[in-house]
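Here's a quick walk through one model, from its pocket to its salt bridges and a helix. Have the structure open and follow along.

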Amino acid sequence: MARCGWGASTPDYADYHDTEWGRPLRGDDALYERMTLEAFQSGLSWLTILRKRPAFRAAFDGFRIDTVAGYGEADVARLLADAGIVRNRAKIEAAIANARAAQELPEGLSELLWSFAPPPGRARPGSAADVPALTDASTAMAKTLKKRGFRFVGPTTAYALMQATGMVDDHVAGCHVVTSRTGVMG
C-alpha cells in the first residue's frame with residue numbers, strides 16, 4: 001500500500017497515518033488535545049508522543065478544556081510526577097494556560113483554528129521534500145494564538161497541527177489516504 005514515507009516506518013506510524021493524520025478534525029476539545037500534544041512534541045519525536053498518548057489522555061482528563069482550565073499547582077505537581085507523560089514544567093503550564101485561553105474564545109477553538117485553513121484544492125506535495133515546515137497561514141495562526149494568550153504554539157507547531165488535523169493535505173502524491181475537508185467531530 002502506497003504511503004507517505006514516514007507513515008511506513010513503524011507499525012505505530014502506519015496506523016496513525018492510515019487512520020488519523022491529515023483527516024479533518026473539528027471540535028474544541030479534540031483540537032485542544034492535538035494542539036497540546038503538538039506542543040509536547042516540540043524537540044521530541046512524534047513517535048514518543050504517539051506512544052504516550054493514552055497516558056496523556058488519562059493525565060489530562062481526556063483533554064476536556066473546562067477541566068484542564070481548572071487545574072492548579074497540585075495538578076502541576078501531579079503531572080510532573082507522572083512518568084507516563086513528558087514531564088516538562090513549561091509545557092504542562094502552557095497546556096493549562098492554553099485551556100484557559102481556549103475558554104475565552106467567543107467563537108470557540110475549532111472555529112478559530114479552522115479560520116486559518118487555506119482553501120481546498122491545493123495539489124498534494126510530490127515528495128516529503130516538498131512539504132513545508134511552516135507557512136504564512138501557520139505563522140498567522142501562531143501570532144493570533146499568542147495574542148489570545150496561548151503558549152508553546154509557534155508557526156512550526158501550528159503547521160504540524162494544521163497537517164495532523166486535515167486543515168492542509170500534506171499526504172504526498174500517490175499516497176493511498178483519501179481525505180475530505182468536511183471534518184470529523186472529535
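Helices (H or I, at least four residues) and strands (E, at least two) are DSSP runs, numbered from the N terminus. We're looking at a predicted model, in which local features need pLDDT of at least 70 and side-chain atom pairs count only at pLDDT 80 or more, while totals for chains, interfaces and linings use all residues. Residues are numbered from 1 along each chain as its sequence is written, and side-chain values use heavy atoms, with hydrogens and water left out.

**The pocket**

A pocket here is an open set of points on a 1 Å grid over the protein atoms alone, where a 1.4 Å probe fits, with protein on both sides within 12 Å along at least five of seven lines; lining residues have an atom within 4 Å of a point. Grid points are joined across faces, edges and corners, and a volume is the space filled by probe spheres set on the points.

The largest pocket comes out at about 400 Å³. It has 17 lining residues, and Trp21, Glu38, Gln41, Ala160 and Gln163 are the closest to its centre. Three elements each give two or more residues to that lining: α1 (11–19), α2 (28–41) and α9 (155–164). The biggest share comes from α9, with six residues. By type, the lining holds 11 nonpolar residues, five polar and one charged. (Ala, Val, Leu, Ile, Met, Phe, Trp, Tyr, Cys and Pro count as nonpolar, Asp, Glu, Lys and Arg as charged, and the others, Gly among them, as polar.)

**Salt bridges**

Side chains of opposite charge can pair when their charged atoms come close. Taking a salt bridge as a side-chain nitrogen of Lys or Arg within 4 Å of a carboxyl oxygen of Asp or Glu, the whole structure has 11 of them. Here are some of those pairs.

| Pair | Closest N to O |
|---|---|
| Arg34 and Glu20 | 2.3 Å |
| Arg57 and Glu33 | 2.7 Å |
| Arg122 and Asp170 | 2.7 Å |

What do these pairs hold together? Arg57 sits in helix α3 (residues 46–59) and Glu33 in helix α2, so their bridge ties parts 24 residues apart in sequence. Arg122 belongs to the loop between α7 (109–114) and α8 (136–147), and Asp170 to the loop between α9 and β2 (184–185), so this bridge ties together parts 48 residues apart in sequence.

For exposure, buried means under 20% relative accessible area, exposed over 50%, and partly exposed in between (1.4 Å probe, protein chains only). Arg57 is partly exposed at 35%, whereas its partner Glu33 is buried at 10%. Likewise, Arg122 is partly exposed at 43%, while Asp170 is buried at 3%. In the remaining pair of the table, Arg34 and Glu20 are both buried. Those two also belong to a salt-bridge network with Arg53.

**Helix α8**

Which residues of α8 are buried? They include Ser138, Met141, Ala142 and Leu145. Seen down the helix axis, the buried residues of α8 fall within an arc of 95 degrees, so they line one face; the arc is that of the directions from the axis to the C-beta atoms. Asp136, Lys143 and Lys147 are exposed on the other side of α8.

**One more contact across the chain**

Arg26, in strand β1 (residues 25–26), is partly exposed, with a relative accessible area of 24%. Arg26 and Trp114 are 88 residues apart in sequence, yet their C-alpha atoms are 8.2 Å apart in space.
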